[in-house]
Amino acid sequence: MTNDRPAELTKRAADAREALKKANIVCFDVDSTIITEEGIDELAQYCGKGSEVAALTKEAMGGSMTFQEALKRRLDLIKPSQRQIREFLKTHPSTISPGVKELIEQLRKNNASVFLISGGFDCLIEPVADALQIPLCNLYANRLFFNYNGTYASFDVTQPTSRSGGKGEAIKAIKSQVTGGVGSGADKIVAMIGDGMTDLEACPPANMFIGYGGNAVREEVQKRATYYVTNFADLLW
């Protein structure tokens, strides 16, 4: 993966930088944004179910099923055990996208709170959050359930990220969670940064969306986003 992308993909990077300075809360997507990989695809490949999951993902993108149904069917195919996940994390550590650490450090200096919102799995994302010094209470992701012997059982359908529109639900929860300073959480300015349609569709309730195409360019997202960058360095001031 690389974020060496054509300059013409970038839209209003300077404006995005100025808008981001005003954000009190910044929420990042994880797969293909904070990290260069797509976690569920990598896990499926590791568990020997890569081609089946890829075919299901393609079918789901055609609108033939809900997000939650697609997630359930993928997991029913992969059936990742706790042992497989531990071994996967050891042998396939996530690659943090260039410039992410610097951007998060800058946001903190600007007194912004940083959150991760992902349709992926918390057990895969927690090492990434730790590496970026993001507390796990600031992570919204899907949770897996396992049987007593460590085999896969199911996933937590109560998590907002397990269903369509879930990232917007997570942002509403974050707004009500964040207090302190002047005003309540409802008064905070929230920015969402990500590569996919679920990130774009989280604005509103987010006040602004910055599309990121450093790892994967989704044409519809790039077209519809007010701001679009292909390198996190473009957002540094």
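Modeller: Welcome! A helix here is a DSSP run of H or I with at least four residues, counted from the N terminus. Please keep in mind that this is a predicted model.

Biologist: Thanks! With that in hand, where do Glu 18 and Lys 21 lie?

Modeller: Glu 18 and Lys 21 sit in helix α1, which covers residues 13-21. They are three residues apart, about one turn of the helix.

Biologist: What makes Glu 18 and Lys 21 a salt bridge?

Modeller: The rule asks for a side-chain nitrogen of Lys or Arg within 4 Å of a carboxyl oxygen of Asp or Glu. For Glu 18 and Lys 21 the distance from N to O is 3.0 Å, so the pair meets the cut-off of 4 Å. By this rule the count comes to 13 salt bridges.

Biologist: How many salt bridges does the rule find across the interface of domain 1 and domain 2?

Modeller: Zero. There are, however, two residue pairs in polar contact between domain 1 and domain 2.

Biologist: Which residues make up domain 1 and domain 2?

Modeller: The domain assignment gives domain 1 as 10-37 + 96-235, and domain 2 as 41-91. Their C-alpha centres lie 21 Å apart.

Biologist: How do you know that domain 1 and domain 2 are in contact?

Modeller: Contact means heavy atoms within 4.5 Å, and 18 residues of domain 1 meet that condition with 15 residues of domain 2. The area buried between the two is about 1400 Å², and carbon and sulfur atoms give 77% of it. In domain 1, the residues that lose the most area to domain 2 are Leu 124, Tyr 152 and Phe 155, together 36% of what that side buries.

Biologist: Which element gives the most to the side of domain 1 that touches domain 2?

Modeller: That is α8, with three residues. The elements that each supply at least two residues to this side are β2 (113-121), α8 (122-131), β4 (144-146) and β5 (152-155). By residue kind, the side divides into nine nonpolar, seven polar and two charged.

Biologist: Now the rings: why is the pair of Phe 28 and Phe 232 called edge-to-face?

Modeller: Ring centres must lie within 6.5 Å to pair, and planes over 60 degrees apart count as edge-to-face. The centres of Phe 28 and Phe 232 are 6.3 Å apart and their planes stand at 70 degrees, so the pair earns that name. It is one of three aromatic pairs in the structure. Phe 28 belongs to strand β1 (residues 25-28) and Phe 232 to the segment after β8 (227-229), so the pair ties together parts 204 residues apart in sequence.

Biologist: What stands out about the backbone at Asn 111?

Modeller: Most residues other than glycine have a negative phi, and most peptide bonds are trans. Asn 111 is not a glycine, yet its phi is positive, about 65 degrees. You will find Asn 111 in the loop between α7 (100-109) and β2.

Biologist: Which residues does a cis peptide bond join, with omega about -5 degrees?

Modeller: Cys 203 and Pro 204. The bond from Pro 204 to Pro 205 is cis too, with omega near 15 degrees. Pro 204 is in the loop between α10 (197-200) and β7 (208-212), and Pro 205 also lies between α10 and β7.

Notes: Residues are numbered from 1 along each chain as its sequence is written. This is a predicted model: local features need pLDDT of at least 70, side-chain atom pairs count only at pLDDT 80 or more; totals for chains, interfaces and linings use all residues. Side-chain values use heavy atoms; hydrogens and water are left out. Domain bounds come from an automatic or database domain assignment. Buried area is the accessible area (1.4 Å probe) that two parts lose on being put together, summed over both. A polar contact is a pair of N or O atoms within 3.5 Å; within protein, one must be able to donate a hydrogen and the other to accept it, and residues adjacent in sequence count only if both atoms are side-chain atoms. Ala, Val, Leu, Ile, Met, Phe, Trp, Tyr, Cys and Pro count as nonpolar, Asp, Glu, Lys and Arg as charged, and the others, Gly among them, as polar. Rings of Phe, Tyr and Trp (its six-membered ring) pair if their centres lie within 6.5 Å; planes under 30 degrees apart count as stacked, over 60 as edge-to-face and the rest as tilted.
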